[in-house]
Amino acid sequence: MIFLILTGIIFFTEYYVKQHIDKVYTQKDKRRLAGERIVLRKYYNSGAAGNFLSSRPGCVCLLHTSVLTAVWTCFLYVLPKKGLYLVKTGLSFLAGGGLSNLYDRIRKGHVVDYISFGFGPGWFQKLVFNSADFFVFAGILLGLIQFFKKEGNL
């Protein structure tokens with residue numbers, strides 16, 4: 001049950017953060033934090049990561065829905081099993097973050113991104129994320145850690 005609650009917390013927190021960003025920021029605004037290492041700015045992403053396939057938002061939405069369906073299927077399969085806390089947490093992160101971005105995609109036709117970084121190569125500084133993306137990345141990492149553990153594999 002705690003993992004479903006965690007999924008909901010991620011979804012609703014990101015929902016309200018994106019609402020705030022959408023209301024308060026224009027697409028020209030930039031707020032620099034942490035010695036200019038973190039940049040808050042509103043960006044509408046119609047594609048996948050890095051705006052990949054932005055000219056085909058319907059395709060991206062279908063792909064996103066398919067992947068999220070697979071995540072939820074795995075999540076519901078793993079939930080009743082004992083242990084496997086890393087993979088359950090990882091799937092909670094994937095489900096909450098993925099659902100948040102899919103909600104945007106279906107409701108608005110784009111995902112609201114708002115975090116970029118003021119360090120690293122130029123191509124990296126141009127990327128814009130949201131916290132749901134970081135939960136997705138963390139979820140994948142936790143799932144991989146569980147997968148590569150010798151004991152406790154599915």
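Let me start with the rings: this structure holds 17 aromatic pairs, and I should say at once that we are looking at a predicted model. A pair of aromatic rings is described by the distance of the centres and the angle of the planes, and I will quote both values for two of the pairs.

In the pair formed by Phe11 and Tyr103, the centres are 5.8 Å apart and the planes stand at 90°, an edge-to-face arrangement. Phe11 belongs to helix α1 and Tyr103 to helix α3, so this pair ties together parts that are 92 residues apart in sequence. As for their surroundings, Phe11 counts as buried, at 13% relative accessibility, whereas Tyr103 is partly exposed, with a relative accessible area of 30%.

The second pair is Phe129 with Phe134, where the ring centres lie 5.4 Å apart and the planes make an angle of 35°, so the pair is tilted. Here again I would look at accessibility: Phe129 is buried because its value of 12% is under the 20% limit, while Phe134, with a relative accessible area of 29%, is partly exposed.

Which residues do ring pairs link into a cluster together with Phe129 and Phe134? The others are Phe117, Phe119, Trp123, Phe124 and Phe137. One of these cluster members, Phe119, also has a charged neighbour, in that the charged end of Arg37 sits over its ring, 5.4 Å from the centre.

Let me return to Tyr103, which is found in helix α3, and add one further relation for that residue. From C-alpha to C-alpha, Tyr103 and Thr65 are 10.0 Å apart in space, with their positions 38 residues apart in sequence.

That brings me to the helices themselves. Two packed helices are described by the angle between their axes and the distance between the axes. For helix α1, residues 2-24, and α3, the axes come within 8 Å and cross at roughly 35°, and the crossing in which α1 passes α3 is right-handed. The residues of this contact between α1 and α3 divide into 10 nonpolar, eight polar and six charged.

Next, the backbone, where I would draw your attention to two residues in loops. Glu36 is found in the loop between β1 (31-33) and β2 (38-45), and its phi is near 70°, a positive value in a residue other than glycine. Leu84, in turn, lies in the loop between α2 (57-78) and α3 (85-108), and this residue has a positive phi of about 55° although it is not a glycine.

Is Leu84 buried or exposed? At 12% relative accessibility, Leu84 counts as buried. To place Leu84 in the wider structure, one can compare its position with that of Arg32: the two residues are 52 apart in sequence, and their C-alpha atoms are 39 Å apart in space.

Finally, the cysteines. A disulfide is a covalent bond between the sulfur atoms of two cysteines. How many disulfides does a search of the whole structure find? Such a search finds zero. Of the cysteines I can mention, Cys61 is buried, with a relative accessible area of 19%, a value that falls under the 20% limit and therefore earns that label. Cys74, by contrast, has a relative accessible area of 42% and is partly exposed, because that value lies between the limits of 20% and 50%.

Technical notes: Residues are numbered from 1 along each chain as its sequence is written. This is a predicted model: local features need pLDDT of at least 70, side-chain atom pairs count only at pLDDT 80 or more; totals for chains, interfaces and linings use all residues. Side-chain values use heavy atoms; hydrogens and water are left out. Helices (H or I, at least four residues) and strands (E, at least two) are DSSP runs, numbered from the N terminus. Buried means under 20% relative accessible area, exposed over 50%, partly exposed in between (1.4 Å probe, protein chains only). Axes are lines fitted to C-alpha atoms, for helices over the stretch in contact, and angles run from 0 to 180 degrees between N-to-C directions. A crossing is left-handed if the near helix is turned anticlockwise from the far one by less than a right angle, and right-handed if clockwise. Ala, Val, Leu, Ile, Met, Phe, Trp, Tyr, Cys and Pro count as nonpolar, Asp, Glu, Lys and Arg as charged, and the others, Gly among them, as polar. A disulfide is a pair of cysteine sulfur atoms within 2.5 Å. Rings of Phe, Tyr and Trp (its six-membered ring) pair if their centres lie within 6.5 Å; planes under 30 degrees apart count as stacked, over 60 as edge-to-face and the rest as tilted. A charge sits over a ring if NZ of Lys or CZ of Arg is within 6 Å of the ring centre and within 35 degrees of the ring normal.
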